[in-house]
Amino acid sequence: MLGVKTVAAVAEAAPDRIGVRVAGNCRFDLDSARRLCLALEETGVDCLIDPLNESRLDALASLARHSNVSIAVCRAVTCPRAMMAAVR
């Protein structure tokens, strides 16, 4: 699963002024993304970008509510309305 130990090693080795972000590349369903977020919580990762293999903003919001890892979106935001929905 995405090499969580490798991600943790990189985050630990990175100087404080360098943030580590993990690209999910839209590869995970909601349950898998939740498990990944749980695994990443202790690694010092700044955020997980585009984790879900679907563009449903409600699913992204659910993931964000149930994780201590920040969730960033890019691909799911296709218009100003989607951007506003993502930040709510």
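1. Let me start with the cysteines. Searching the whole structure, which is a predicted model, turns up zero disulfides. Cys-37 takes part in none, and the nearest cysteine sulfur to its own is that of Cys-47, 10 Å away. Since a disulfide here requires two cysteine sulfur atoms within 2.5 Å, that pair does not qualify. Cys-37 is also buried, at a relative accessible area of 1%.

2. What about Cys-74, and which cysteine has the closest sulfur to its own? The partner to check is Cys-26, but its sulfur is 8.8 Å from that of Cys-74, which is too far for a bond. Cys-74 is exposed, with 52% relative accessibility, whereas Cys-37 is buried.

3. Now for the overall layout. The protein chain has four helices and three strands, and reading along the sequence gives the pattern α-β-α-β-α-β-α. Its C-alpha atoms fill a box of roughly 40 × 25 × 20 Å along the principal axes. The radius of gyration is 13 Å, in agreement with the value near 12 Å for a compact globule of 88 residues.

4. A few whole-chain figures may be handy for you. Of the 88 residues, 33% are buried. Among contacts in the protein chain with a separation of 6 or more, 62% join residues 24 or more positions apart. The exposed surface comes to about 5,700 Å², and carbon and sulfur atoms supply 51% of that area.

5. Helix H1, spanning residues 4–13, has Val-4, Val-7 and Ala-11 as buried residues. They share the same side of H1, because the arc they cover around the axis is only 60 degrees. On the face turned away from that buried side you will find the exposed residues Lys-5, Thr-6, Glu-12 and Ala-13. The cover over the buried residues of H1 includes strand E1 (21–23) and helix H2 (30–40).

6. Helix H2 is worth a look next. Its buried residues include Ser-32, Ala-33, Leu-36, Cys-37 and Leu-40. These too lie on the same side of their helix, as they cover an arc of only 140 degrees around the axis of H2. H1, E2, H3 and strand E3 (70–72) are among the elements that cover them. At the N-terminal end of H2, Asp-29 acts as a cap: one of its side-chain oxygens lies 3.2 Å from the backbone nitrogen of Asp-31.

7. Where does Thr-43 sit, and what does its side chain reach? Thr-43 belongs to the loop between H2 and strand E2 (47–49). Its side chain reaches the backbone oxygen of Leu-40 at 2.7 Å; Leu-40 is itself one of the buried residues of H2. With a relative accessibility of 10%, Thr-43 counts as buried. Setting aside residues up to four places away in sequence, Thr-43 touches Val-4, Val-7, Ala-8 and Ala-11. Val-4, Val-7 and Ala-11 are the buried residues of H1 met above, so this loop residue touches the side of H1 on which they lie.

8. Back to Cys-47, which lies in strand E2. Is Cys-47 buried or exposed? Cys-47 is buried, its relative accessible area being 10%. Beyond its neighbours within four places in sequence, Cys-47 is in contact with Val-20, Arg-21, Val-22, Val-69, Ser-70 and Ala-72. One C-alpha separation to compare against your own view: Cys-47 and Val-10 are 37 residues apart along the chain, with 14 Å between their C-alpha atoms.

9. Finally, Ser-62 in helix H3 (residues 57–65). Ser-62 is buried at 11% relative accessibility. Which side chain makes a polar contact with that of Ser-62? The partner is Arg-34, with a distance of 2.5 Å between the two side chains at that contact. Apart from neighbours within four places in sequence, Ser-62 is in contact with Leu-30 and Arg-34. H3 is also among the elements that cover the buried residues of H2.

Notes
Residues numbered from 1 in each chain as written. Predicted model: local features only at pLDDT ≥ 70, side-chain atom pairs only at ≥ 80, totals over all residues. Heavy atoms only, no water. Buried < 20%, exposed > 50% of the residue type's maximum accessible area, 1.4 Å probe, protein only. Helix = DSSP H or I, 4+ residues; strand = E, 2+ residues; numbered from the N terminus. Arc of directions from axis to C-beta. Contact = heavy atoms within 4.5 Å. Rg over C-alpha atoms; globule rule 2.2 N^0.38 Å. Areas by Shrake-Rupley, 256 points an atom, 1.4 Å probe, with all protein chains shown as cover. Polar contact = N/O pair within 3.5 Å; in protein donor to acceptor, adjacent residues only side chain to side chain.
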